[in-house]
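Me: Could you take a close look at the packing inside this protein for me? I'd like to hear what sits together in the interior, aromatic rings included.

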Amino acid sequence: LAKLAADFAFEERKKVAIITVDTYRIAAVEQLKAYSEILNLPLEVVFAPSEFKGAIEKYADYDVILIDTAGRSQKNSMQLVELKSFIDAAGYRLEIYLLLSATTKDKELIDIVESFKKVSFHKLIFTKLDETVTFGPILNLITQIPQGISYVTTGQNVPEDIEEANAGKLAKLIIAGV
């Protein structure tokens, strides 16, 4: 999220706000707070679905509002229901991105996507392209679902290691591994 925020703010010159509902992971808010301070972007922490719409409305005049959620296991249906309750409480049509690791195996990718259909995601972001040598699972997945890949990440550096997905580059990775 910090990579996207930096890209929107500095490369695309957009007015960006960040909202996080990730109050579960230890130090998640503090980490995002540090990035928001470095990037000089406002950060709103939301603890309950009932607070979510108000947080979005607070930044209604911004070009982009990025919303950070806690990573959820596709096996934990209660957590997925909770995530959906935040989305439903937004009161706005949100563009939802599902982040997937390029290091994940075929069957797990399909399982994750099937489970996250409950939150009606629109696009994919593949992370950790720099940590794998096999890209076939990406091809296997995208040929089975209607959602496309919007972004890929290739490292830990903020904001450098994120880029818009490029079909030619992805094809070259999948076919040649380069």
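Reply: Here is a walk through the nonpolar interior, then the rings, then the first helix. Bear in mind that this is a predicted model.

Let's start with the main core. The largest nonpolar core has 33 residues, and F52, L100, L124 and F126 are the ones with the most contacts inside it. Several elements each give two or more residues to this core. On the helix side they are α3 (49-58), α4 (77-89), α5 (106-116), α6 (136-142) and α7 (167-176), and the strands are β4 (97-101), β5 (123-127) and β6 (148-153). There is also a second, separate core of 16 residues, with A6, A9, I18 and L39 among them. As a general point, nonpolar side chains in soluble globular proteins tend to be buried together.

L124 is a good place to zoom in. Leaving out residues up to four places away in sequence, L124 touches L98 and L100, then L141, I142 and I145, and finally the run Q147, G148, I149, S150 and Y151.

Now for the rings. Searching the whole structure turns up three aromatic pairs. One of them brings back F52 from the main core: the ring centres of F52 and F86 are 5.9 Å apart and the planes sit at 85°, so this pair is edge-to-face. It ties together distant parts of the chain, with F52 in helix α3 and F86 in helix α4, 34 residues apart. Both F52 and F86 are buried.

Y59 and Y62 make another pair: their ring centres are 5.2 Å apart with planes at 90°, so they are edge-to-face too. Burial is where these two part ways. Y59 counts as buried because its relative accessibility is 6%, while Y62, at 21%, counts as partly exposed because the cut-off for buried is under 20%. Y62 has another neighbour as well: the charged end of K15 sits over its ring, 4.5 Å from the centre.

Last stop, helix α1 (residues 2-11). Eight of its ten residues are buried, so the helix is largely enclosed by the rest of the structure. The buried ones are A2, K3, L4, A5, A6, D7, F8 and A9, and two of these, A6 and A9, are the ones named above in the second core. What covers them includes the helix α2 (28-39), plus the strands β1 (16-20), β3 (64-68), β5, β6 and β7 (162-164). After α1 comes R13, which has a positive phi, near 55°.

Technical notes. Residues are numbered from 1 along each chain as its sequence is written. This is a predicted model: local features need pLDDT of at least 70, side-chain atom pairs count only at pLDDT 80 or more; totals for chains, interfaces and linings use all residues. Side-chain values use heavy atoms; hydrogens and water are left out. A nonpolar core is a set of buried Ala, Val, Leu, Ile, Met, Phe, Trp, Tyr and Cys residues joined through side-chain atoms within 4.5 Å. Buried means under 20% relative accessible area, exposed over 50%, partly exposed in between (1.4 Å probe, protein chains only). Helices (H or I, at least four residues) and strands (E, at least two) are DSSP runs, numbered from the N terminus. Contact means heavy atoms within 4.5 Å. Rings of Phe, Tyr and Trp (its six-membered ring) pair if their centres lie within 6.5 Å; planes under 30 degrees apart count as stacked, over 60 as edge-to-face and the rest as tilted. A charge sits over a ring if NZ of Lys or CZ of Arg is within 6 Å of the ring centre and within 35 degrees of the ring normal.
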